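I opened this one with a fresh notebook page. Here is what I looked up, in the order I went.

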Amino acid sequence: MKGLAPLLKKELKEQFKTYRWLIVGGIFLLFGITTPLMFKYLPEILEFAGEQLTIIEIPPPTAVQSLSEYASTIGQIGILVAVLVAMGSIANELRHGTAIMTMSKPVSRLAFVSAKFIAMSLTFLGSMVLASIFCFAYTVWLIESADIQAFIGLNLLLGLFLVFCLAITLLFSSFFKSSLAAGGLALAVIVAQAGLAVLPRFGDYMPGKLLGWGNNLLTGNGESYWWALAITIGVICFCIYFAQRTLKHKDL
Amino acid sequence: MDDELEMLVDMLPFLIPVFLIEIALLIFALIDLFKREHIDNNTRIIWAVVIILFGIIGPVIYFIFGRKENPVDID
């Protein structure tokens, strides 16, 4: 992979220049902080919302509820953020002609795509780590103690799923010069696989199953989906390989 | 009323990071908006209103869609 290090350095700088770290970090952190707070103060908030609501009996919040709600929110919002952030990464460079300037230097197409993928993945994973630390600390502080090992496992699976979303979006971004077309198609594929993930048997092989597995870790029961994990990693590698192959055969 | 106030006071220390995130996004977005040269004044004002009025969503929308208007800043 010729030229990966300088390209990665450039892409990491780009993450700061384009405020991607702030967008992703801000959004993730917001949900990491507000989810345990909502669970803790939900009865009081409802009580102040109106007297008629006080008849609703709300059971005391649990740490598992708070952490799994956080994971589910990051899983859903994370897809949108991943698509929005990654959809223009290659498409915009193709449209504005800056891709050809980079490729005219002694760098391989694989390094070009990989640098973008690694830089974006680091932004997402870094933001997730920060948000998870806040979420876990707030949950323990406000609600009750929780199983940290299960939460780390959940975050690893969630992180891998978001990296998968980035890889899919990056692949479509290499197909089109329009970032909206790339984003739309990537979102369609991600939503479609999430739909397939709920199917019995067949769904066990879908990347979307990783979120269910993460939840199972928290609750301490349910199955592991190793095939979904292997397939997700395979699809990520496939996306990176085909994104660079598309660029190789494209008239830049 | 006293209960509401008490709850807000209880929540306040936990909400400080949320305010900081919101303020940081707002400030970075406004600085970026006013530093840009290739935006006409009307567009600048509209983006400023979006950034200020829409809470955390405004700056995020600006960073994702608004910054693409400048041909110099290509991402």
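My entries cover a chain contact, a helix pair and a single helix.

I kept in mind that this is a predicted model, where local features need pLDDT of at least 70, side-chain atom pairs count only at pLDDT 80 or more, and totals for chains, interfaces and linings use all residues. Residues are numbered from 1 along each chain as its sequence is written, while chains are lettered from A and ligands numbered from 1 in the order in which they are written.

**Chain contact.** I counted residues in contact (C-beta atoms, placed from the backbone, within 7 Å). Chain A brings 24 residues and chain B 16 residues. On the chain A side, helices H2 (20–49), H4 (91–96) and H6 (109–142) each give two or more; helices here are DSSP runs of H or I, at least four residues, numbered from the N terminus. H2(A) gives the most, with 12 residues.

**Helix pair.** I then turned to H1(A) (residues 4–17) and H6(A), whose axes come within 8 Å and cross at roughly 40 degrees. I fitted axes as lines to C-alpha atoms over the stretch in contact, with angles from 0 to 180 degrees between N-to-C directions. That angle makes H1(A) oblique to H6(A) (neither under 35, over 145, nor 65 to 115 degrees). Among the residues that meet are A:Leu8 and A:Leu12 from H1(A), and A:Phe112 and A:Ile118 from H6(A).

**Single helix.** Last, I checked H7(A) (residues 148–175): its 28 residues should span 40 Å at 1.5 Å a residue, and the end C-alpha atoms are 41 Å apart, which agrees. The expected span is 1.5 Å times one less than the number of residues. I found H7(A) mostly covered, with 20 of its 28 residues buried (20 or more other C-beta atoms, placed from the backbone, within 10 Å of a residue's own).

Key:
Contact = placed C-beta atoms within 7 Å. Buried ≥ 20, exposed ≤ 12 C-beta atoms within 10 Å, placed from the backbone.
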